[in-house]
Amino acid sequence: MTVVQDVPDLATLQRRAAERAAARAGGADRLRGHIVCDGLVRIFTTEGVEVVALQGLDLVVDRGELLAIVGASGSGKSTVLNILSGLDTPTAGIARVAGYDLLTMSARKRLRYRRHTVGFVWQQTGRNLLPYLSARENVELPMRLSRRGRAGRRRAMELLEMVGVGYCADRRPGQMSGGEQQRCAVAVAVANDPEVLFADEPTGELDEATAAEVFAALRTINAELGVTVVVVTHDSQVASQVRRTVAIRDGRTASEVHRTARVGADGVEELVTEEYAVLDRAGRMQLPAGFVDALALRDRVKLTLEPDHVQVRSGDEGGTR
Ligand SMILES: Nc1ncnc2c1ncn2[C@@H]1O[C@H](COP(=O)(O)OP(=O)(O)OP(=O)(O)O)[C@@H](O)[C@H]1O
Ligand SMILES: [Mg+2]
């Protein structure tokens, strides 16, 4: 049996997530910058060879946001998520989550951070759940480690219901489909009531319909619990369902797509999509591939400063080349 939750539309979910997050933060003034990366650098050294996985990545995520990160393989998506979830330490730059400084925190603080402040969902279904425990026991486990006692049992059931797999409570992972396991993994990840949930390609091993159910679970958690959610995905379907998508290229934030709900002239609410390029401190930015293709821009472009904008034209015009 598949239970697809009745998920409200995007605008309603966004509003609800913002309200819950504001209530959690104790006022809207504390909302900005729940996650802050500034000039984040991560260099891996293996056998004397250096790989620059992140080269000055900038990112700000507001409390209660649901953000998608997209990018080619090897662009640094998992590296960012591993740093933000406290599994890996950056080489340089600033990385702050919920007031924790990820560069300087002590081992003891890091442990507390990983247990209580963040939750994580991996791509590999087998990595998220213990195979010999039932779904409910898997969700109860992190709460037991933090001595929640009986209340944990009730909460485990509530969370499983919330992500639409209450009917799987007594099944072990081997008796659940990949999508059911991943939804259960979302429940496990938020068992200890974290402030932020990270998911690295949680739908990577699933077909489209099942992936949509897992994503619906993430949206529900974001909206109902006010948890800030950052999800890495290759799935363009998923990316089109969130308010903000950040594209990473070569270890830097390259562009952003924002979707906002606006009420049109006919009184009907519609989603407006706007594309943003990220300008780094040196003034570098990347034009979206669609713009470059549409005007067949290449090699050199001509820039003109206008009173309130910058014009970019093909450098071929006027035969100056
Ligand atoms: N532990 C490591 N040691 C050495 N190099 C690493 C390590 N982890 C990642 N890298 C390198 O850093 C770069 C970024 O890797 P990362 O895993 O963050 O990419 P990704 O965007 O998650 O890719 P994918 O979509 O394939 O998962 C790659 O060049 C990768 O080879
Ligand atoms: Mg990855």
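**The shell around ligand 1, and two sites beyond it**

Helix α2 gives the most to the shell around ligand 1, with three residues. This is a predicted model. Both β2 (49-61) and α2 (77-84) supply at least two residues each to that shell.

Start with the members of the shell. Ligand 1 is surrounded by Phe-44, Val-51, Ala-53, Ala-72, Ser-73, Gly-74, Ser-75, Gly-76, Lys-77, Ser-78, Thr-79 and His-234. Sorted by character, the shell residues are seven polar, four nonpolar and one charged. The charged one is Lys-77, because Lys counts as charged and Gly, Ser, Thr and His do not. The two glycines, Gly-74 and Gly-76, fall in the polar group because Gly is counted there.

Now look at the polar contacts. Which atoms face the oxygens of ligand 1? A polar side-chain atom of Ser-73 lies 2.5 Å from an oxygen atom of the ligand. In Gly-74 the partner is a polar backbone atom, and an oxygen atom of ligand 1 is 2.8 Å from it. Ser-78 contributes an N or O atom of its side chain, 2.8 Å from an oxygen atom of ligand 1. How much of the ligand does the protein bury? Taken alone, ligand 1 exposes 640 Å², and the protein buries 62% of that.

Next, the aromatic rings. How many aromatic pairs does the count give? It comes to two. One of them is formed by Phe-120 and Trp-122, with 4.4 Å centre to centre and 45 degrees between the planes. That pair counts as tilted because 45 degrees is neither under 30 nor over 60.

Are these two residues buried or exposed? Phe-120 has a relative accessible area of 16%, so it is buried. Trp-122 stands at 17% relative accessibility, so it counts as buried too. The cut-off behind both calls is under 20%.

Trp-122 has a further partner. The charged end of Arg-127 sits over the ring of Trp-122, 3.4 Å from the ring centre.

Finish at another arginine, Arg-313. Where does Arg-313 lie? It belongs to strand β13, which covers residues 310-314. Its relative accessible area is 36%, so Arg-313 is partly exposed. That class runs between the buried limit of 20% and the exposed limit of 50%. Arg-313 and Leu-295 are 18 residues apart along the chain, and their C-alpha atoms are separated by 8.4 Å.

Technical notes:
Residues are numbered from 1 along each chain as its sequence is written. Chains are lettered from A and ligands numbered from 1 in the order in which they are written. This is a predicted model: local features need pLDDT of at least 70, side-chain atom pairs count only at pLDDT 80 or more; totals for chains, interfaces and linings use all residues. Side-chain values use heavy atoms; hydrogens and water are left out. A residue is near a molecule or strand if one of its heavy atoms lies within 4 Å of it. A polar contact is a pair of N or O atoms within 3.5 Å; within protein, one must be able to donate a hydrogen and the other to accept it, and residues adjacent in sequence count only if both atoms are side-chain atoms. Accessible areas come from the Shrake-Rupley method with a 1.4 Å probe; for residues, only the protein chains shown count as cover. Helices (H or I, at least four residues) and strands (E, at least two) are DSSP runs, numbered from the N terminus. Rings of Phe, Tyr and Trp (its six-membered ring) pair if their centres lie within 6.5 Å; planes under 30 degrees apart count as stacked, over 60 as edge-to-face and the rest as tilted. Buried means under 20% relative accessible area, exposed over 50%, partly exposed in between (1.4 Å probe, protein chains only). A charge sits over a ring if NZ of Lys or CZ of Arg is within 6 Å of the ring centre and within 35 degrees of the ring normal.
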